[in-house]
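Here is a short tour for someone meeting this structure for the first time. Keep the 3D view open and follow along.

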Amino acid sequence: MSGDTPALRPATLVVHAGRPPREVDQPLSTPITMASTYVAGGDLEYGRFANPTWQAFEEALGALEGGRALAFSSGLAAGATVLDLVGLDALVVAPRHAYHGSIGQLGDLESRGRIRTTLVDISDTDAVIAALDDAAVLWIESPTNPALEVADVERLVEAGHAAGARVVVDNTFATPLLQRPLELGADIVLHSVTKFLAGHSDVMMGALVVRDDHLYDVLKGRRDLVGAIPGTLEAWLALRGLRTLHLRVERAQANATELASRLQGHPAVSEVRYPGFGAILAMVLGSAEAADLLTHSTSLWVHATSLGSVESTFERRRRWKGEAATIPEGLVRMSVGVEDVDDLWADLEQALDRLG
Ligand SMILES: Cc1ncc(COP(=O)(O)O)c(C=O)c1O
């Protein structure tokens, strides 16, 4: 887009940001540039440092989040890059119910004496603030995966900064359409692009977005050194997926809202967790056995991990060894897709009815 475009709304940015220049014979969509090296003397130089296809994705995501984006090979590669900046023995405060892979990274660093961690209930703002003391990093995930707790991002950012901490927000569940943490003052936004941004269960990719140019250079420097870069095809697929993010999120959210309300009324469901926005919800069934039976009794809902795709998927989270023991054994996390909601409900209802 040209530099003087007036501020555009997210649904327009999703479609237009990161396009090639509007010049005669330029393609409308960014092509896949397969290249490990470039003719010397320009900005690209080598395939580990830059690629025009990643850059188009980064421009689009940066425009959506209101910062400068860096693409990574996965969400966890992006997270590891942030944690790599934490000084020896420094304190990271993080949600006890964050994605279990993120908790795993923190636990691994702590067990090797690299950092200290305090895990908190991120929805209990006062408890988080009380834990901040000498924190170097406040790690927020909101809503959390899979507990669906919501953090008061604005207050926590303020408190984190007052304590001298850098504030990171994993925005994977909300997407920049529903929450823009940089506008709330956060320092770093993290995405598992694998999920809603790419949106079709066919890409592994991650991203960081920042406003501060120095921090951008530091993170880009780490990516250059470590090489946790995305594949070119992945970046192209993620950008193609991103073009319909607003439509997918709108439809999936409407479906999730409706399903949350219908699930509340089913006798086999003891609890429904839905933050009121987004496309992820969780239902708690009476036992692990009931949850396992449910996830094997549907024909539309796919029993699979991951989330944020066009098709509806679900799983019992405690089937993973790394999931927190405070997550109920019978909790089924549901990633609601863009199908017809009545078909989704009929498939779920017949499976729930079997539980008696
Ligand atoms: C909230 C959240 N953050 C980070 C990740 C890690 O992303 P990836 O699987 O792309 O490495 C996930 C993956 O499930 C996630 O759900």
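## A serine in a loop

S312 sits in the loop that links β10 and β11. Is S312 buried or exposed? With a relative accessible area of 0%, S312 counts as buried, because the cut-off for that label is anything under 20%. Keep in mind that you're looking at a predicted model.

Now look for S201. Along the chain, S312 and S201 are 111 residues apart, yet 11 Å is what separates their C-alpha atoms.

## The strands next door

Go on from that loop into strand β11, residues 313-316. Both faces of β11 are covered. T313 and E315 are buried on one side, while F314 and R316 are buried on the other. That fits a general pattern: side chains in a regular strand alternate between the two faces of the sheet.

β11 has company in both directions. With β10 it pairs in the parallel sense, over two bridges, and V302 stands opposite T313 of β11. With β12, β11 pairs in the antiparallel sense over four bridges, and here F314 has M334 of β12 as its bridge partner.

## Zooming out to the sheet

Which strands make up the open sheet, and in what order? There are five, running β8-β9-β12-β11-β10, and the pairing is mixed. The edges belong to β8 (269-273) and β10 (302-303). Each of these has a single partner strand, so one side of each is left without a neighbour in the sheet.

Further in, β9 and β12 (residues 331-335) pair in the antiparallel sense, with five bridges between them. M334 turns up again here: L281 stands opposite this residue of β12.

Another pair of strands to find is β4 (residues 135-141) and β5, which run in the parallel sense and share five bridges. E141 stands opposite D170 in β5. Four of the five residues of β5 (residues 166-170) are buried, so this strand is largely enclosed by the rest of the structure.

## A helix with two sides

Helix α5 covers residues 125-132, and its buried residues are T125, V128, A131 and L132. Why do they line one face of the helix? Look down the axis of α5: the buried residues fall within an arc of 130°, so they end up on one face. As a rule, an α-helix has 3.6 residues a turn, so residues three or four places apart point the same way. Turned away from the buried side of α5 is a face with the exposed residues D126 and A130.

## The nonpolar cores

The largest nonpolar core has 39 residues. Which of its members touch the most others? Those are F57, L61, V193, F196, M205, L242 and L245. Several elements each supply at least two residues, including α1 (10-16), β1 (68-72), β7 (206-210) and α10 (245-264). Helix α2 gives the largest share of this core, at six residues.

Apart from that core lies another one, with 25 residues. Its members include A256, V269, V272 and L352.

## A nonpolar patch outside

Last stop: the surface. I32, M34 and L233 form a nonpolar patch there, and together they have about 300 Å² of accessible area. L233 belongs to helix α9. With a relative accessible area of 43%, L233 is partly exposed, because that label covers residues from 20% up to 50%.

Technical notes: Residues are numbered from 1 along each chain as its sequence is written. This is a predicted model: local features need pLDDT of at least 70, side-chain atom pairs count only at pLDDT 80 or more; totals for chains, interfaces and linings use all residues. Side-chain values use heavy atoms; hydrogens and water are left out. A nonpolar core is a set of buried Ala, Val, Leu, Ile, Met, Phe, Trp, Tyr and Cys residues joined through side-chain atoms within 4.5 Å. Buried means under 20% relative accessible area, exposed over 50%, partly exposed in between (1.4 Å probe, protein chains only). Patches are made of residues with over 30% relative accessible area and no salt bridge: like charges are joined within 9 Å, nonpolar side chains (Val, Leu, Ile, Met, Phe, Trp, Tyr) within 5 Å. Accessible areas come from the Shrake-Rupley method with a 1.4 Å probe; for residues, only the protein chains shown count as cover. A salt bridge is a side-chain nitrogen of Lys or Arg within 4 Å of a carboxyl oxygen of Asp or Glu. Two strands pair if DSSP finds at least two bridges between them. The arc is that of the directions from the helix axis to the C-beta atoms.
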